[in-house]
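Hello,

Here is the structure I promised to pass on to you. Please open it alongside this email and have a look around before reading on.

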Amino acid sequence: MSKPILYYALFCAPARACKLTAQLIGLEVELKFVDFGAKQHLTPEYSAINPQHQIPVFVDTDNEIFIDSHAIMAYMVSKYGKNDDLYPKDLKRRARVDHMLHFENGVLFQVIKDMVRRNIYGGEGDFNQITLDLCDNAYTFLESFLNGSAFFANSATPTIADVCINTTLVTLDMLIAVDKNKYPKLCDWLERMKSVLPSYEEVNIEGAKILRDRIKSCMRENKAKANLHIEYD
């Protein structure tokens, strides 16, 4: 294998984070699109690569397979990065980055998962109050984490924590806007990241729009079905 393979789809924030991280460190990867609409992620061939049926997946040149975006980003930077700016070797700095990676996965990304569960698969036509509360909670914590630093993890320069938080947050911002009056530091950080991430518009924003449009379309359909049911009742 001449170069690593990244299985991805742009609608997926974690996959975008891996793609952008590869670009940040100058790592050329072979991109393999996974068509969820065609249920490609459920095929025996893909299941052999990732039994969890998820993206992203990173296959290194020695055919070693890595699953989970946070693990993939850390691995790519540690092996292929020209320096450790994005994922520090210093244990204290790394622990702060790891904290933010876990926060993104365990708190921030859970808001999107809640939307998918309720608004795509659960038949709900509006954002549930639980979803709104989860989102407000995540935004509030993110605002507090930026106290005194330009980037997350108390860092003066961006790390992979900023990359993965950004790809998730830009999607959420299109659905439940980050209020500049309530979260000024977070809004400033979002603006700052536009000049940090490569291919910001064509990869990050366009990918986020795909999931946004899917969620909003399902919400409209769910509302229409609910109204039809009321009429017949």
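Below I go from the whole chain to two residues that you may like to find on screen.

**The whole protein**

Please keep in mind that this is a predicted model. The protein has 8 helices and 4 strands. If you walk along the sequence, these elements come in the order β-α-β-α-β-β-α-α-α-α-α-α, so the pattern closes with a run of helices.

How does the radius of gyration compare with that of a compact globule? For 233 residues, a compact globule would come out near 17 Å, and the protein has 18 Å, so the two agree. Along the principal axes, the C-alpha atoms take up a box of roughly 65 × 50 × 25 Å.

Of the 233 residues, 45% are buried. Looking at contacts with a separation of 6 or more, 68% are between residues 24 or more positions apart in the sequence. The protein exposes about 11,700 Å² in total, and 52% of that comes from carbon and sulfur atoms.

As for charge, there are 27 positive and 31 negative side chains. The centres of these two sets are 2 Å apart.

**Asp114**

Asp114 sits in helix H4, which covers residues 91–120. Is this residue buried or exposed? Asp114 has a relative accessible area of 2%, and because anything under 20% counts as buried, it falls in that class. What does its side chain meet there? The side chain of Asp114 makes a polar contact with the side chain of Arg117, at 2.4 Å. Setting aside neighbours within four places in sequence, Asp114 is also in contact with Ile130, Thr131 and Leu134.

**His41**

His41 is in a loop, between strand S2 (30–33) and helix H2 (44–49). With a relative accessible area of 12%, His41 is under the 20% cut-off and therefore buried too. Which residues does His41 touch, once those up to four places away in sequence are left out? They are Val34, Asp35, Phe36, Tyr46, Ser47 and His53. Tyr46 and Ser47 fall within the residue range of helix H2 (44–49). To see how the chain comes back towards this loop residue, look at Gln54: it is 13 residues away from His41 along the chain, and their C-alpha atoms are separated by 6.8 Å.

Happy browsing, and do write back with any questions.

Best wishes

Conventions:
Residues numbered from 1 in each chain as written. Predicted model: local features only at pLDDT ≥ 70, side-chain atom pairs only at ≥ 80, totals over all residues. Heavy atoms only, no water. Helix = DSSP H or I, 4+ residues; strand = E, 2+ residues; numbered from the N terminus. Rg over C-alpha atoms; globule rule 2.2 N^0.38 Å. Buried < 20%, exposed > 50% of the residue type's maximum accessible area, 1.4 Å probe, protein only. Contact = heavy atoms within 4.5 Å. Areas by Shrake-Rupley, 256 points an atom, 1.4 Å probe, with all protein chains shown as cover. Lys, Arg positive; Asp, Glu negative; His and termini not counted. Charge placed at Lys NZ, Arg CZ, Asp CG, Glu CD. Polar contact = N/O pair within 3.5 Å; in protein donor to acceptor, adjacent residues only side chain to side chain.
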